[in-house]
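I opened the notebook today to follow strand order and pairing in this structure, one sheet at a time.

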Amino acid sequence: MVDQPDVLLNAYEGHAYAVTFSLDGGRLLAGGFGGLIRSWDTTSWQDAEQYAHHEKSVNAIVFAPGGASFAASSSDRTVSLWRGEDDSPLTVLKGHRNTVMGLTHSPDGALLASGATDSTIRLWPAPGEGGEAIVLKSPFRIVSHVDFLDDGARLIAAGGGDEALVWSVESREIIAALPGHGSGARVMQTMPNDGSIMTQGGDGVIRIWSAAEWSLMETYDIGSAAPRSARLSPDGSRLAVLEERRVRLLAVPSLEPVAEFGVPVKGVHLAAFSPDGALLAVTAADGNVRVWSVPDA
C-alpha cells in the first residue's frame, strides 16, 4: 500500500467532496462542505482561483464542452455556472427544492442536467438560449447521478432506487430500466470502447449494459461489500474503488490489483482521473485532496 500521495492539498477545514480536472488537465477543482470551490495549477500545484458563492456543500463540478466554463451543484438547492477567472457566477439556477447532487452537460453543450433529492431531474438550457427548465419527475426521491448518452438524446439517472433509469429527452419519458442494484444504483460512465454503460450498485457489483438493447452484458464483483464510490479512467483501463481508509486501483476487465493507496481517515468521498489518465485525485473527510500517479496500463 502507498501511504503517501504524490500531492497533498490541504483544501478545507471540513470535508473536501466534489473534485474534477479541467478538460486540458491544467487545473484541478474541488468543492467542500462549506461551499467554496478551489482551483490548483496541476504543474506547480499552487493555488489558482477560488469561487465563492454557495453556502452549503458543493456536490459536483462539471466542465462544459470546450472547457471555457463549469457548473457546480450544491446542497443549498442551486446550481452555479462559472466562466474563467470571474469572481462571481455567470448565473445561478434555482428551482430544485432540495439538495442538488448529480450534474452533467449534454455533448453539444445545449443542456445542463441536474439531479436532486427532491425526486426531480431538471434540464436547463445553456445561458443565452432562453426558455424554462424541463422537469423530469423521478419515481425515486434521491437522484444522485445523471449522465447524457451518445448524442444527448437520452439521459441515464440513478440514486435511491434499485434501478438506473433511461429517459428520452424529447418525449420526457422513461424508456428503459436497468435493475438489480440493491439499496441504490449509481451510474458511473459510458465505456469508451463500445459505448456500453457501466453502473455500480451498493452491493459492490459492477454491471455492464448494452446501450442498444438495455440488456445486461457482464457483471463484475469488485471485492467490496460497500464501496463509497468507483471511477473509471478515461481510456477504460483502470477502475478506482473508494473504500474506508483506502483506494484500490484495478485493471479492467481482469480486475487484477494494480495499486492500493492509503487514506488515513474515515470518509473517502469522490475521485477524478486527469484527462490523460496519469493522475487520480481523491477527496476525503479530513478536508484534504490527495493526488497519486497512476501506473501505466
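The entries below take two sheets in turn, and I keep in mind throughout that the model is predicted.

**Entry on the sheet with strand 1**

I looked up the strand order here and found an open sheet of four strands, arranged 1-28-27-26, in which the pairing is antiparallel. I then asked which strands stand at the edges. They are strand 1, residues 7–10, and strand 26, residues 268–273; each has a single partner strand, so one side of each is left without a neighbour in the sheet. For the twist I noted an average of 20 degrees from one strand to the next.

I went on to the pairing of strand 1 with strand 28, which spans residues 288–293, and read four bridges in the antiparallel sense. Within this pair, I found leucine 9 opposite valine 289 of strand 28.

**Entry on the sheet with strand 22**

I traced this one as an open sheet of four strands in the order 22-23-24-25, again with antiparallel pairing. Its edge strands are strand 22, at residues 229–232, and strand 25, at residues 257–262, and I noted that each of them pairs on one side only. Neighbouring strands in this sheet are turned against each other by 15 degrees on average, with direction ignored.

How many bridges join strand 22 to strand 23? I read four, between strands that run antiparallel, with strand 23 covering residues 238–243. As a single position to check by eye, I wrote down leucine 232, whose bridge partner in strand 23 is leucine 239.

Key:
Residues numbered from 1 in each chain as written. Predicted model: local features only at pLDDT ≥ 70, side-chain atom pairs only at ≥ 80, totals over all residues. Heavy atoms only, no water. Pairing = 2+ DSSP bridges. Helix = DSSP H or I, 4+ residues; strand = E, 2+ residues; numbered from the N terminus. Axes fitted to C-alpha atoms, helices over the stretch in contact; angles between N-to-C directions.
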